[in-house]
Structure formats: C-alpha cells, structure tokens
Amino acid sequence: MKINTFLMPNFEIEEDFFNNSICVYIDVLRASTTICSAIQNGAKEIIPVADVEQAMRIYSGLDREIRLIGGEKNMEKPANFDLGNSPNDYAKDVVEGKTIIFSTTNGTNLFQYGHSSQHRIISAFVNFGSSLSYIKSTIENHHNIDSINFLCAGNNTLFSYEDTLCAGNYISDLAKSIETELSDASHAAKVLYEFHKIELFNFIRLCDHSNRMTKMGLKSDIDLCLQYDAFPIVPVIEGISIKKSRI
Ligand code: MLT
C-alpha cells in the first residue's frame with residue numbers, strides 16, 4: 001500500500017492522483033478535533049466552507065430551526081457566528097440534530113483536495129483508534145484501494161509539527177500490520193513520531209500553534225485535542241457535507 005503525506009496545504013497536484021485512495025485530513029489544533037466533537041455529540045452534518053463570507057451566505061439560506069454557523073478567523077469566533085472553533089463549543093445540547101456551516105483558516109481549506117478519492121475521513125488524536133480501524137477495514141473490503149493519503153492542514157501554509165506527528169502516528173501503526181511503501185514525507189512523519197512518541201503530547205504543547213493558543217487563553221482546548229480516543233467516531237466527507245461514518 002502506497003502511503004503519501006502532504007505536510008503543508010496549497011500543493012499542486014492533478015486530482016486523479018487521489019483515485020482509488022483513502023484521504024485522511026488532519027488538523028489536530030483544532031478543526032479536525034472540533035469536527036469530531038460535533039459529530040460525536042450528534043450534529044446531523046457539517047458543511048465545510050473555505051471562507052467566512054461564503055459561510056454566512058449558505059447559513060442565511062437555511063431553516064433557522066436546524067442551522068448553526070461555527071469556526072474561526074485569526075483563531076477567534078467571527079462576528080455573527082454562533083460557535084467558535086473550540087471543541088468545547090459543540091456540546092450535545094447545542095449541536096444535536098443540527099446542520100453546521102463551518103469555516104476555519106486552515107482546516108476547511110484542506111478539503112478542497114482529494115475530491116476524486118472515494119473514502120475521505122477527518123482524523124486527529126481524539127478519534128485515533130476509530131480512524132485506524134476505518135482505514136484497515138476499508139482496505140480489507142475495497143480491493144481497488146492502492147494508496148492512503150495523509151493531508152496535514154499546517155498553519156497559514158507553513159509546516160505544523162502536531163499534524164505531522166499525528167500523521168506519523170497513523171503511519172507507524174499501519175506499518176505494523178500492512179505492507180507499506182512510504183513516500184519521503186510519510187517516512188519523515190513516521191520517523192519524527194517515533195522519535196517524539198515517549199513525550200508526544202508534552203512536546204506538542206511546546207510547538208508554535210500550542211504557544212499561540214496558550215497566549216490566547218485556549219489551554220483547555222489544547223488539553224482536549226491531545227487525548228487519544230475522546231471521540232471514538234469517524235467523520236466522513238460525503239459530497240458537500242461531513243457526516244458520521246456508518247462503519
Ligand atoms: C484552522 O483550521 O485554521 C485551525 O483549526 C486554527 C485554530 O486553532 O482555530
């Protein structure tokens with residue numbers, strides 16, 4: 001199984017590169033984790049949108065009873081949004097049964113890649129075990145799958161250590177049970193994860209985006225994002241929306 005990793009977004013590649021593949025979208029701090037929180041807590045669907053203006057337009061067209069709009073710009077809740085990008089905002093009594101229009105700086109931008117892949121999932125540490133099982137069972141049940149692509153959100157087009165380590169964690173575990181052919185970036189992510197794994201979450205707390213979040217008083221979000229299997233579900237992208245996987 002070929003494993004590719006895209007360490008930063010805004011790469012140029014032909015869409016058919018993603019044919020017959022699984023795409024795994026990772027934005028540990030915080031978009032992937034927040035999506036997992038919303039889906040775990042019963043949101044009907046999440047519609048990811050690349051920018052705030054477009055998000056407001058789609059939201060305005062929806063029935064008041066079922067709609068919410070959430071996300072961030074410059075790490076803060078935009079004016080007129082119901083919810084920010086904190087996984088804690090997406091509690092059961094707030095999101096259950098709702099359609100959430102969701103826009104963030106890096107995370108939602110990432111979903112523009114990989115449309116031609118049949119299996120597109122949102123992953124982080126909070127749904128590590130479920131995502132790993134999903135990947136393994138998809139490979140077992142769909143013999144046409146010949147690659148897995150890990151797409152890291154990065155930070156404002158720059159490298160993000162926590163997303164790379166999370167991808168490396170998945171790759172390291174997959175390499176124990178399936179035969180893999182790693183791209184250079186996949187190999188680098190795996191080696192970095194294996195180097196840091198003993199102190200993984202303490203190390204991530206020292207990285208750039210954790211520092212920015214700590215300065216903004218978002219330490220409790222970091223704590224929630226750095227937990228294995230807090231939200232044991234798999235959000236899948238189906239058409240324009242993200243829903244809970246049925247497997
Ligand atoms: C993003 O998608 O840009 C991030 O999740 C930023 C954040 O921490 O809000």
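Ala, Val, Leu, Ile, Met, Phe, Trp, Tyr, Cys and Pro count here as nonpolar, Asp, Glu, Lys and Arg as charged, and the others, Gly among them, as polar. The structure is a predicted model, in which local features need pLDDT of at least 70 and side-chain atom pairs count only at pLDDT 80 or more, while totals for chains, interfaces and linings use all residues. Residues are numbered from 1 along each chain as its sequence is written, and side-chain values use heavy atoms, with hydrogens and water left out.

**Exercise 1.** Describe the residues around the ligand by class, and find polar side-chain atoms that lie by its oxygen atoms.

*Solution.* Begin with the shell, where a residue belongs if one of its heavy atoms lies within 4 Å of the ligand; among its members are Asp27, Arg30, Glu72, Thr104 and His209. Sorted by class, the shell has 2 nonpolar, 6 polar and 3 charged residues. Next, look for polar contacts, in which a pair of N or O atoms lies within 3.5 Å (within protein, one must be able to donate a hydrogen and the other to accept it, and residues adjacent in sequence count only if both atoms are side-chain atoms). A polar side-chain atom of Thr104 is 2.7 Å from an oxygen atom of the ligand, and for Asp27 the distance is 2.8 Å.

**Exercise 2.** State how the chain is divided, and describe the contact between domain 1 and domain 2.

*Solution.* An automatic or database domain assignment gives domain 1 (2–28 + 109–239) and domain 2 (34–108). Taking contact as heavy atoms within 4.5 Å, 26 residues of domain 1 touch 17 residues of domain 2. Finally, there are 10 residue pairs in polar contact between domain 1 and domain 2, both residues at pLDDT 80 or more.
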